[in-house]
Amino acid sequence: MLDKKTSDQIVADLTSHIKLSMGFKVWMAFLSVSLLVCLYAYFLQLRDGMIVTGLGDYVSWGMYLANFVFFVATSLIGMLISAVLSLLNQKWAAPLARIAEIIALAFAAVAGLVIIMDMGHPERLLNVFIHGRIQSPIVWDVTVVTIYVLISALFLYIPLLPDLKICSEKLTNIPPFARKIYTLLSLNWSGTTEQKNLIKKSTGALSIFIIPVALAIHTVTSWLFANTSRAGWDSTIFGPYFVIGAFVAGTAAVVVAMFVFRKAFNLEEYITDFHFDKIGKLLVLVSLLYLYFNINEYMVPAYKMKHADAFHIQTLFTGSYAPLFWATQILGLILPIILLILKPMRKPLPLLIISIFVILGAWFKRYIIVVPTMEHPFLPVQNVPINFKVYSPTLIEIGVTIAPMIMAVLIITILSKVIPVIPIHETLEHRNEQEK
Amino acid sequence: MTTNQKYNQFIAFLIFSFVINASLSSRNWKAPDDQKDKNSYIKFDASTAAQGEAIYNANCASCHGNPGKNNALKSLNPIPPDLSSTASQSLTDGELIYILNNGAGLMPSFKNSLGEEKEWMVISYLRGFNKNYIQELSKFDPAKSKLVKLVSSFDKASNSIIVNATADEKNGKIAIVGAEISVFVKRYFGNFQIEKALKTDASGLAKFSFPTDLPGNKNGDLEVLVKLYDENYGEVQVTKTYSIGVPTDKPGLNEDRAIWNTLVKAPLWIIGLYATGLISFLLLLAFLLNNLRGIFNSKV
């Protein structure tokens with residue numbers, strides 16, 4: 001289909017979304033207003049302290065930490081699609097690589113903020129740098145998240161150089177200063193063999209290096225839990241369990257982004273049903289793996305029923321958390337797997353709907369991992385009011401939780417307005433290869 | 001009156017007297033009669049009360065709460081009473097010092113951790129909540145304790161500590177007979193008592209057989225604390241160091257490199273691992289930046 005188009009047409013198609021449209025302005029206004037409302041909630045938390053949240057001595061992590069894990073998880077998709085699939089020579093994923101990187105960068109950058117928003121005294125973050133001990137998983141977490149954000153930014157930027165040059169040359173309808181910025185950022189790109197080689201070497205190194213880093217950030221995040229001996233966290237498979245769960249959330253996020261970009265930017269010829277079918281299959285694959293990890297993660301303690309574990313498992317399976325637990329497992333994992341095995345369900349619209357359920361399931365799954373465990377400390381709970389024992393988030397807390405989500409969407413929206421979401425240079429090269 | 005009525009009356013009487021009885025003796029501890037009248041040799045004043053308050057907050061408030069605030073630890077059985085209450089204030093000074101020395105049920109003894117002087121100070125603080133309280137001082141003269149000579153020595157043959165208690169009275173040195181002697185070894189927290197308390201014999205001596213397996217410092221030094229309590233001479237204590245412990249030279253738990261230690265004492269493997277990760281990243285960064293420079297400088 002693409003081979004009927006001239007290069008100029010392709011460039012025009014893929015850069016057409018880089019402009020300030022009415023829809024964009026309305027969407028940005030909506031996001032900004034919502035963000036302001038949520039930031040007001042954060043202001044209240046800063047002013048009055050953590051007392052405005054439902055957090056207490058027992059459940060001190062609550063929704064915020066669930067949110068943090070969700071953000072780190074979603075950001076892992078950059079590594080899966082841009083690095084792993086490209087190293088495995090999965091050509092179909094190439095047009096999606098940039099979308100995945102944009103999501104990765106946005107979510108990883110905001111993940112750090114989520115942690116800071118969880119702190120009653122955000123300025124005390126400095127203590128991690130002043131008094132941090134490298135024996136502590138918190139320090140590893142801060143280190144790897146920072147490294148992952150930097151690497152994701154470079155992984156987005158370096159393959160983008162040729163496209164920046166194209167933008168500076170072909171985008172005639174944007175203000176001159178914007179074109180200047182594109183020229184500047186494109187680092188004198190002129191497509192010499194030397195330059196192409198350097199890009200190839202750099203992305204090669206990045207694709208390899210990003211894999212251990214991405215594994216590290218989510219494994220370390222899982223260690224924040226698994227390195228303690230509490231029921232529900234004390235598990236040896238938490239690292240891989242989190243990583244696979246991350247692929248599920250991230251793949252679903254990419255599907256949503258694909259769908260929206262395709263509709264909003266008229267990219268139907270570039271993101272086709274074929275791509276949806278393929279990524280739908282990827283989603284089944286990672287979901288099946290995640291199901292396997294889930295079975296293992298709950299089966300082993302449920303078989304042994306050690307005292308504290310038994311209490312925890314019963315709360316999840318039949319107790320107060322049962323409705324949420326089964327809803328996430330069935331609506332967010334099992335049903336999507338069954339449906340996605342059917343080919344018609346991997347068409348764009350059904351896949352979008354399924355992916356939204358998967359994302360919701362992924363968020364609540366993190367909640368189920370963080371909160372119930374904290375409600376059952378090993379030491380007896382004595383002489384405390386009921387709201388210490390049973391966690392229920394407040395409205396302010398929910399606002400503070402939504403703020404980072406809006407920020408991530410904002411970053412994705414802005415990035416998609418200033419850079420081509422489908423790699424132009426690679427699309428052209430790919431077409432030229434096919435012509436030969 | 002029918003027999004039935006009589007019977008009912010009898011039951012009512014039983015129940016009534018039981019209730020009265022229970023309310024009179026709801027305490028499940030009782031000071032022996034000869035201890036009830038014991039009085040403090042320290043005069044209670046603002047200064048002793050202030051010192052007592054600090055001791056109370058550190059040792060008692062966790063269970064009893066603050067006097068008059070009704071914030072005792074309710075999960076204990078019985079609930080520790082509010083010590084400013086009329087019921088507790090109706091106890092004599094002798095009864096108060098008795099329960100502090102001996103404990104009762106869940107309430108621990110403070111005899112060894114506080115000692116009599118500090119116990120009186122707490123009582124001085126507690127009496128501040130009782131407007132009607134008038135202190136009766138003990139006839140005991142604290143100056144008398146200055147006369148006491150308490151000497152301990154270690155007898156190798158029998159492996160025991162021998163304590164000799166004498167007093168330098170005006171009419172010469174006399175043995176203190178029947179005084180209560182306790183021997184302790186100091187440890188990180190509190191004291192470790194050797195055997196039980198003994199009474200001095202007719203020549204003022206008491207003999208405590210000493211365990212052979214107590215860990216000392218590098219040289220086997222142990223700090224031995226000897227306490228004397230006597231009606232007449234009050235409380236006297238002396239400490240002395242003996243090299244009779246098992247020499248132990250273990251580094252403190254925080255002296256070696258360990259996960260739980262400070263940054264400078266982190267285990268080498270973790271420093272290595274962390275540094276390797278960081279350095280690899282910096283190398284990659286240098287490589288990438290150099291490539292970007294190459295792209296920037298590339299000529300067509």
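**Domains of chain B**

I started with the spacing of two domains in this predicted model: the centres of domain 1 and domain 2 of chain B, taken over C-alpha atoms, are 27 Å apart. Seven residues from domain 1 of chain B and eight residues from domain 2 of chain B take part in the contact (contact means heavy atoms within 4.5 Å). For the bounds, I noted domain 1 at 31–127, domain 2 at 142–242 and domain 3 at 263–299 of chain B; such bounds come from an automatic or database domain assignment.

A note on conventions, before I forget. Residues are numbered from 1 along each chain as its sequence is written, and chains are lettered from A and ligands numbered from 1 in the order in which they are written. The model is predicted, so local features need pLDDT of at least 70 and side-chain atom pairs count only at pLDDT 80 or more, while totals for chains, interfaces and linings use all residues; side-chain values use heavy atoms, with hydrogens and water left out.

**B:D230**

Next I looked up B:D230, which sits in strand β7 (residues 222–230) of chain B. Strands here are DSSP runs of E with at least two residues, helices are runs of H or I with at least four, and both are numbered from the N terminus.

Which side chain of opposite charge is nearest to B:D230? I found B:K144, 7.7 Å away, and B:D230 has no salt bridge although it is buried. Buried means under 20% relative accessible area, exposed over 50%, and partly exposed in between (1.4 Å probe, protein chains only). A salt bridge needs a side-chain nitrogen of Lys or Arg within 4 Å of a carboxyl oxygen of Asp or Glu. For charge, Lys and Arg count as positive and Asp and Glu as negative, with His and the chain ends not counted.

I also saw that a polar atom of the B:D230 side chain lies 2.9 Å from the backbone nitrogen of B:N232. Leaving out residues up to four places away in sequence, B:D230 touches B:I176, B:V177 and B:A179.

**Salt bridges**

I searched the whole structure and got 16 salt bridges over all chains.

One of them pairs A:E269 with A:K5 at 3.3 Å, N to O. The two are 264 residues apart: A:E269 is in the loop between α11 (238–264) and α12 (273–304) of chain A, and A:K5 is in the segment before α1 (7–15) of chain A. A:E269 is partly exposed at 31% relative accessibility, whereas A:K5 is buried at 15%.

A:D273 turned up twice, so I followed both partners. With A:R262 the distance is 3.8 Å, N to O. Because A:R262 lies in helix α11 and A:D273 in helix α12 of chain A, that pair ties together parts 11 residues apart in sequence. A:R262 is buried with a relative accessible area of 12%, and A:D273 is partly exposed at 34%.

With A:K347 the distance to A:D273 is also 3.8 Å, N to O. A:K347 lies in the loop between α14 (322–341) and α15 (348–375) of chain A, so this pair ties together parts 74 residues apart in sequence. A:K347 is partly exposed, with a relative accessible area of 44%. Shared partners also join A:D277, A:K281, A:K343 and A:R346 into one salt-bridge network.

**Cysteines**

Last, I checked for disulfides (cysteine sulfur atoms within 2.5 Å) and found zero over all chains. Why is B:C60 not bonded to B:C63? The closest cysteine sulfur to that of B:C60 is in B:C63, 8.6 Å away, which is too far for a bond. B:C60 is buried at 10% relative accessible area, and A:C38 is buried at 8%.

Note on methods. Polar contact = N/O pair within 3.5 Å; in protein donor to acceptor, adjacent residues only side chain to side chain.
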